[in-house]
There are 2 protein chains.
Amino acid sequence: MIIEQPGCATRATHLDDEVRLTDYLDRHLANSLAAPSGVLAQAASHVLAAPGKLMRPRLLLDACLAAGGDPERALPAAAGTEYGHIASLIHDDIIDGDGERRGQETLHRKYSLPTAILTGDLFIFQTFLSYTHCHERGISAERVLTAINLLSRTCVEVCEGQALEASMAGQLDTPEEAYLQMIRLKSASVCRAASEIGACLAEGPDEFIGALRAYGEHLGMAFQIIDDVLAYDGVPSLLGKPQHSDLANGRVTIPIIYAIDAAGLAGRQQISALFWLARTDPDTSYAQLVKLLVTTHALERALQSAALCIEQAKRQLDYLPSSDARERLRALADLVVTRDH
Amino acid sequence: MIIEQPGCATRATHLDDEVRLTDYLDRHLANSLAAPSGVLAQAASHVLAAPGKLMRPRLLLDACLAAGGDPERALPAAAGTEYGHIASLIHDDIIDGDGERRGQETLHRKYSLPTAILTGDLFIFQTFLSYTHCHERGISAERVLTAINLLSRTCVEVCEGQALEASMAGQLDTPEEAYLQMIRLKSASVCRAASEIGACLAEGPDEFIGALRAYGEHLGMAFQIIDDVLAYDGVPSLLGKPQHSDLANGRVTIPIIYAIDAAGLAGRQQISALFWLARTDPDTSYAQLVKLLVTTHALERALQSAALCIEQAKRQLDYLPSSDARERLRALADLVVTRDH
């Protein structure tokens with residue numbers, strides 16, 4: 001997934017960020033536990049041992065820089081955002097019944113359902129705890145509180161988005177607008193918040209915050225659409241979750257919606273049959289669905305939708321002063337839509 | 001449960017609190033949802049329709065008053081504390097596999113596991129969101145941030161305590177000290193935080209905060225010990241959860257530890273056999289265990305331990321200026337240990 005490797009000019013900075021972030025994530029967690037050798041500490045270490053792309057915390061740090069702030073001060077919020085992301089993955093894997101994440105067993109499989117629920121909760125609380133530490137690093141209490149308000153409102157949206165997604169399972173009459181609203185709540189909100197919070201913690205002018213908020217939302221929309229495309233057109237090892245997860249959970253994502261739009265009633269009946277087939281023969285079902293998504297140009301059209309979001313995201317960056325961070329945000333937007341394609 | 005009804009002199013105030021709190025809990029939640037008719041909103045309403053004793057938020061408000069603060073300003077934190085309590089009950093019921101709470105079906109039974117996990121998460125985020133609103137009511141951002149820091153650290157402790165509790169299931173060699181440490185993390189921390197946060201949001205002197213912190217911890221220890229006694233010696237409808245829950249989950253609580261202490265190896269073998277019997281014949285197992293706890297005076301001794309905690313809690317109140325709120329806190333301490341006995 002190219003998103004891990006931005007252009008050479010910015011790579012050093014991102015590697016530095018990665019080291020600082022992973023170091024902070026480990027240390028902060030260990031320091032905050034009363035029982036650092038207990039089962040929760042073990043489960044949390046298991047998760048942190050396979051770090052993800054750190055896209056959201058990096059986005060927060062670059063947004064902070066691009067808005068004229070000091071990313072060192074915002075580091076606890078960046079780490080907190082990653083804790084929150086991890087928490088949602090842990091609970092999401094339970095909900096989806098997935099057995100693998102980032103190349104290793106999911107928590108509810110490796111440990112137990114109770115341990116997975118509690119470790120998810122633990123990461124949620126680490127999120128908020130970590131945010132409060134920005135004040136010790138010199139950001140005003142006012143701004144940190146605004147960031148926590150934004151964060152908690154966003155997390156409420158994510159829950160609602162996840163519930164909406166579950167309620168849409170198998171609903172092949174889901175309109176594109178409903179899907180877009182769902183991913184806006186479930187996914188785009190997180191990128192929007194990371195970007196907006198970075199700007200907020202920079203303590204810069206409101207117009208920068210507004211631009212970075214809009215940038216993050218469009219970026220997040222594109223990111224989720226691409227994720228939904230990769231579920232049918234990606235390299236399995238790069239997807240982060242089992243290749244058949246979307247199909248097994250009857251997820252009506254944008255490629256499915258576009259395929260039905262193109263192929264009409266017959267396409268809808270075929271997909272309905274393939275969703276049923278997936279329960280007994282997921283491989284055949286998956287292969288036939290991919291074929292349909294290709295012949296109806298549904299994947300292609302989804303990529304175009306993502307590209308449109310990316311254009312809108314990049315346009316927001318013009319409201320910011322020129323900086324390396326702004327260019328990294330521009331590069332990130334390009335990488336989101338071009339990964340693996 | 002007498003805890004609902006403090007002495008006549010203070011009852012009016014508490015009823016007012018109850019109305020204000022339940023009203024705030026409903027309104028704040030509804031206002032914060034993007035999809036107020038979605039499944040999460042329904043599930044959340046289901047839970048809020050059976051309010052608990054509101055002990056923790058009332059404790060927060062009285063601690064605020066007793067430390068010289070304005071409870072109107074701290075109301076969002078009081079409500080937030082109740083949201084957090086509700087969240088932990090929802091996730092706890094999944095972990096314990098309990099089917100009933102506060103006289104109605106638990107969420108994972110009535111809806112589904114995914115909905116219960118997400119509704120628990122939703123209540124966690126409402127907790128933090130609600131706390132941020134204290135600033136709008138005039139409490140300094142500094143103090144609200146300190147409160148959020150205390151809150152999130154406490155929630156981490158609760159997770160660790162819950163994990164510790166799960167790991168102690170069926171471990172009949174659990175020493176009293178390990179049990180006390182577990183309930184300190186899992187339960188007493190919440191009362192300690194409610195009391196300390198109330199004092200913190202009063203923006204009064206540090207010695208009041210310290211006294212109310214200690215008061216809350218001792219009160220919480222007593223409360224949990226009494227809860228563990230009521231599991232074997234209470235009126236089922238007042239317990240809040242199924243009467244056999246502790247036994248079914250192999251909980252080694254303080255009455256069990258005292259019974260083993262009194263009856264030695266024979267007692268331990270008998271309890272071990274009763275834990276096994278509970279899987280097939282919970283009624284007989286429960287009746288025989290109660291008998292053992294009575295004949296070994298284990299319940300009596302547990303009540304004495306709780307009474308000791310209450311004495312320590314009340315002693316802390318002497319560091320506070322005289323006020324109605326302080327007297328309500330004193331009455332609360334007495335009620336915790338005398339409920340149903």
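This report describes the fold, the chain contact and selected residues of a predicted model with chains A and B.

**Overall form of chain A**

Chain A contains 15 helices and two strands. Its radius of gyration is 20 Å, close to the 20 Å that the globule rule gives for 341 residues, so chain A is as compact as a globular protein of that length. The C-alpha trace of chain A extends over about 60 × 50 × 35 Å along its principal axes. Of the 341 residues in chain A, 54% are buried. Among the contacts in chain A with a separation of 6 or more, 77% join residues 24 or more positions apart.

**Relation of the two copies**

Two copies of a chain are related by a rotation about an axis and a shift along it. Here, a turn of 180 degrees and a shift of 0.0 Å along the axis lay chain B on chain A with an RMSD of 0.0 Å. The two copies are therefore related as by a two-fold rotation axis. The C-alpha of B:Ala141 is the one in chain B nearest this axis, at 2.7 Å. Both copies use the same surface, since 100% of the contact residues of chain B recur in chain A.

**The contact between the chains**

Chain A and chain B each bring 42 residues to the contact. On the side of chain B that touches chain A, the elements giving two or more residues are H2 (39-48), H4 (71-96), H6 (113-132) and H7 (141-167) of chain B. H7(B) provides the largest share of that side, with 18 residues. By class, the side of chain B that touches chain A comprises 26 nonpolar, 11 polar and five charged residues.

A residue of chain A illustrates the contact. A:Glu160 is found in helix H7 (residues 141-167) of chain A. With residues up to four places away in sequence left out, A:Glu160 touches A:Leu185 as well as B:Leu33, B:Ala34, B:Ala35, B:Gly38 and B:Leu40. Is A:Glu160 buried or exposed? A:Glu160 has 25 other C-beta atoms within 10 Å, and because the cut-off for a buried residue is 20 or more, A:Glu160 is buried. The C-alpha atoms of A:Glu160 and A:Met182 are separated by 8.3 Å, with their positions 22 residues apart along the chain.

**Buried side of a helix and the nonpolar core**

An α-helix has 3.6 residues a turn, so residues three or four places apart point the same way. In helix H2 (residues 39-48) of chain A, the buried residues are A:Leu40, A:Ala43, A:Ala44 and A:Val47. They lie on the same side of H2(A) because they cover an arc of only 100 degrees around the axis.

In soluble globular proteins, nonpolar side chains tend to be buried together. The largest nonpolar core of this model has 228 residues, of which A:Ala222 and B:Ala222 touch the most other members. Apart from its neighbours within four places in sequence, A:Ala222 is in contact with A:Ala306, A:Cys309, A:Ile310, A:Ala313, A:Val336 and A:Val337.

**Positive phi angles in loops of chain B**

The table sets out two residues of chain B that have a positive phi although neither is a glycine.

| Residue | Phi | Loop of chain B | C-beta atoms within 10 Å |
|---|---|---|---|
| B:Leu54 | about 55 degrees | between H2 and H3 (55-66) | 21 other C-beta atoms; buried |
| B:Glu203 | about 55 degrees | between H8 (176-201) and H9 (206-233) | 18 other C-beta atoms; partly exposed |

**Helix H12 in both chains**

B:Leu277 lies in helix H12 (residues 254-277) of chain B. B:Leu277 counts as partly exposed because it has 17 C-beta neighbours inside 10 Å. Not counting residues up to four places away in sequence, B:Leu277 touches B:Thr284 and B:Ser285. The C-alpha atoms of B:Leu277 and B:Ala248 are separated by 9.8 Å, and the two residues are 29 residues apart along the chain.

In chain A, A:Asp261 lies in helix H12 (residues 254-277). A:Asp261 has 15 C-beta neighbours inside 10 Å and so counts as partly exposed. A:Asp261 and A:Pro175 are 86 residues apart in sequence, while their C-alpha atoms are 9.6 Å apart in space.

Key:
Residues are numbered from 1 along each chain as its sequence is written. Chains are lettered from A and ligands numbered from 1 in the order in which they are written. This is a predicted model: local features need pLDDT of at least 70, side-chain atom pairs count only at pLDDT 80 or more; totals for chains, interfaces and linings use all residues. Two residues are in contact if their C-beta atoms, placed from the backbone, lie within 7 Å. Helices (H or I, at least four residues) and strands (E, at least two) are DSSP runs, numbered from the N terminus. Ala, Val, Leu, Ile, Met, Phe, Trp, Tyr, Cys and Pro count as nonpolar, Asp, Glu, Lys and Arg as charged, and the others, Gly among them, as polar. A residue is buried if 20 or more other C-beta atoms lie within 10 Å of its own, exposed if 12 or fewer, and partly exposed in between; C-beta atoms are placed from the backbone. The arc is that of the directions from the helix axis to the C-beta atoms. The radius of gyration is taken over C-alpha atoms; the globule rule is 2.2 Å times the number of residues to the power 0.38. Copies are superposed by least squares on the C-alpha atoms of residues with pLDDT of at least 70 in both. A nonpolar core is a set of buried Ala, Val, Leu, Ile, Met, Phe, Trp, Tyr and Cys residues joined through C-beta atoms within 7 Å.
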